[in-house]
Each structure stands twice: as C-alpha cells, then as structure tokens.
Amino acid sequence: MSALTVRFLLAQHLRESRRGKSCSGMKHIQSRDNPFFKELVKLSGSARQRSKSNQTLLDGAHLLAAYLDAGKQPLHILLNAAALHDAETMALRERAMGAPVTQLEDRLFAELSELKTPTGVLALIDVPLPAASIADSGLALLLEDIRDPGNLGSILRSAAAAGCDAVYLSAGCADAWSPKVLRAAMGGHFVLNIHERQDLPGVAKAFSGMLLAASLEGRSSLYDCDLRGRVAFLAGNEGAGLSASLLDAATQSITIPMPGKIESLNVAAATAVCLFEAVRQRQAR
C-alpha cells in the first residue's frame, strides 16, 4: 500500500460520506469489506505496509494529544461508539482542526486497537521525516538490533526526555512506528528525529564527537567520562550486544558500575542511565 493509495481511499471515503452518515454527521463504517477499513487493517498489522506508505496509526487519546502538542495534524480520526460521548476525545477532535472523522463499529475498532481497554480513538498520521543529521547532533543515540518493541519504545521515551537531537536505528531494530513501540514511547516519537534502517558504522564515521559504546567489557566507567561535549551513545542487541564493527568505531567502550549482585542491566535501563548522566553533567556546567 502506498501513501497515494491511502490518500485515494481517504478521498473516496469522504466523497461517500454524503450518504450513510450517522446521526452525528460523520461517516459510519459497519463492514469489514469497506476498502478504507481493509487498508487500515493492513497498516496496523504490517511493518512493511507502514514503511511503504510512510504512515501509521496512533492508538489512544494520550498519543493523539502528544502528536497535537508537537504542532502536527492527523490525516483522519477514527472513533468507536463510546468515544462519541467522551469529553476528552471530543476536545481532541476540536484541536484536530477539521480532520475527517469516521465512526467504526466496536468490533471493527477492536481489530485495529491493541489496547485491552481501548480509549476509543485512533488517528491516521504521516510518519514525520527526520530533519537533523548526525553532523549537527550534540547528544545522539545509535541503536543496533534492538528487537524488543518495549525496549525500543522505552529508549525513545528516555531519549526524548533527555533532549537527544537524533536516534539512529539499524535495519535489525524493531519497527519504530509500530503500535507497541509508539505506546511504550508515550509520545517521545514526536519530539525526536528518528532515522530508521541506517548503516550505523557509516553514521558513526560521520560524527565528530565522542562515540561511547556501552558494553559489559567496557574499559572506562561512565562516571569517569566527560559528557559535556558532543556525545553519541552506542547500544546493542539485548543478547548479543554491539557488533565488532561498531565497537571498533567507538571512541571508547564504557561500563556502568554495578556494585550489586546482578550481571547486567536491561538495555533500556542502561541507555537511560547513560543519557541522564550526560544530562546531569551538562546541567552542572
């Protein structure tokens, strides 16, 4: 499915809204055979479709609010029956500045939402194109083969909170714009420059600051590093860690001191520790 296909179906869907409207004045989809709904199902369940169309679905009021707070506007809003009577959802609809709205039968809405208790609102959006390059970054992340969506989402949330300029993901990472990653990041996507399917050794080569590789075999303590300049942290796969090529590209490998009786930290926790040590040092300056 291309972006043009989805936009064509959106336009067709709106033309058809002159008939079959619900009492609220919006289009009401009741059948799984509806072409627009079929494309939404593909989009919600397929990383390939999201990449091909450069679009995704936001699931829930919190994500839509974060998207609007970032100054962006959705292409389409989808509601279930309960959302029609929810004050928060109606306020978000007003903020969306006239984006078309469609009510879905509850069983159809449930097919698109992964939430156990859906908030009743979904939004179709264009995936934002990253703007910053690694050459312009002051605090960046290079993530290699982070496979777990929860880990990737947590890392993106921490990166957004720490004020990262950009995040670079290898081709082996989970789909950054999947529903699970979006939900775990809690809106972090919309204040980050996220570069997917990157050649990380090439990105590392283009960065003129310090490249710090987080590793259990690191030779330096994180807390002995001066993180007040231009820094990029490198974090690797949950099991295998960083590849030899990225370790070789690093300025130095670092470790997080762990006096307790535990072998290692989860990659999302370790990345957060690194990022906020950088924040602490920069604020102290």
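Which elements each supply at least two residues of the lining of the largest pocket? In this predicted model, the answer is β12 (252-255) and α11. Helix α11 covers residues 267-284, and α11 also makes up the largest share of the lining of the largest pocket, with 3 residues.

The space inside comes to about 540 Å³ for this largest pocket. A total of 23 residues line the pocket, and A214, S215, L216, S264 and L265 sit closest to its centre. As for chemical character, the lining of the largest pocket splits into 12 nonpolar, 9 polar and 2 charged residues. How does one find such empty space in the first place? Rolling a probe the size of a water molecule over the atoms reveals where space has been left empty.

Next comes the second largest pocket, with a volume of about 350 Å³. Its lining is made of 21 residues, and those nearest the centre are S51, D175, W177, E196 and R197. Two or more lining residues come from each of α3 (47-53), β7 and β8 (193-198). Of the elements around the second largest pocket, β8 gives the most, with 5 residues. Sorted by type, the lining of this second pocket holds 11 nonpolar, 6 polar and 4 charged residues.

Now for the charged pairs. Searching the whole structure turns up 9 salt bridges. One of them joins the side chains of R95 and D69, with N and O 2.7 Å apart. This pair ties together distant parts of the chain, since R95 belongs to helix α5 (residues 87-95) and D69 to helix α4 (residues 61-69), 26 residues apart. Are the two partners buried or exposed? D69 has a relative accessible area of 58%, so D69 is exposed. R95 comes in at 36% relative accessibility and therefore counts as partly exposed.

Helix α11, already met at the largest pocket, has a salt bridge of its own: the side chains of R280 and E277 meet with 2.8 Å from N to O. Why are these two about one helical turn apart? Because R280 and E277 are 3 residues apart in helix α11, about one helical turn separates them. Their surroundings are worth a look too. E277 has just 5% relative accessibility, which means that E277 counts as buried, the cut-off being under 20%. R280, on the other hand, counts as partly exposed at 47% relative accessibility.

Another salt bridge links R228 with D226, and here the closest N and O atoms are 2.9 Å apart. R228 is partly exposed, with a relative accessible area of 39%. D226 also counts as partly exposed, at 42% relative accessibility.

Finally, there is a glycine to look at. Where is G172 placed? G172 lies in the loop between β7 (166-170) and α8 (179-185). Strand β7, then, leads into this loop and also gives two or more residues to the lining of the second largest pocket. With a relative accessible area of 22%, G172 is partly exposed. Which residues does G172 touch, once its neighbours within four places in sequence are left aside? The contacts of G172 are then with D145, I146 and R147. As for G241, 69 residues in sequence lie between the positions of G172 and G241, and the C-alpha to C-alpha separation in space is 13 Å.

Key: Residues are numbered from 1 along each chain as its sequence is written. This is a predicted model: local features need pLDDT of at least 70, side-chain atom pairs count only at pLDDT 80 or more; totals for chains, interfaces and linings use all residues. Side-chain values use heavy atoms; hydrogens and water are left out. A salt bridge is a side-chain nitrogen of Lys or Arg within 4 Å of a carboxyl oxygen of Asp or Glu. Helices (H or I, at least four residues) and strands (E, at least two) are DSSP runs, numbered from the N terminus. Buried means under 20% relative accessible area, exposed over 50%, partly exposed in between (1.4 Å probe, protein chains only). Contact means heavy atoms within 4.5 Å. On a 1 Å grid over the protein atoms alone, a cavity is a set of points where a 1.4 Å probe fits but cannot get out, and a pocket is an open set with protein on both sides within 12 Å along at least five of seven lines; lining residues have an atom within 4 Å of a point. Grid points are joined across faces, edges and corners, and a volume is the space filled by probe spheres set on the points. Ala, Val, Leu, Ile, Met, Phe, Trp, Tyr, Cys and Pro count as nonpolar, Asp, Glu, Lys and Arg as charged, and the others, Gly among them, as polar.
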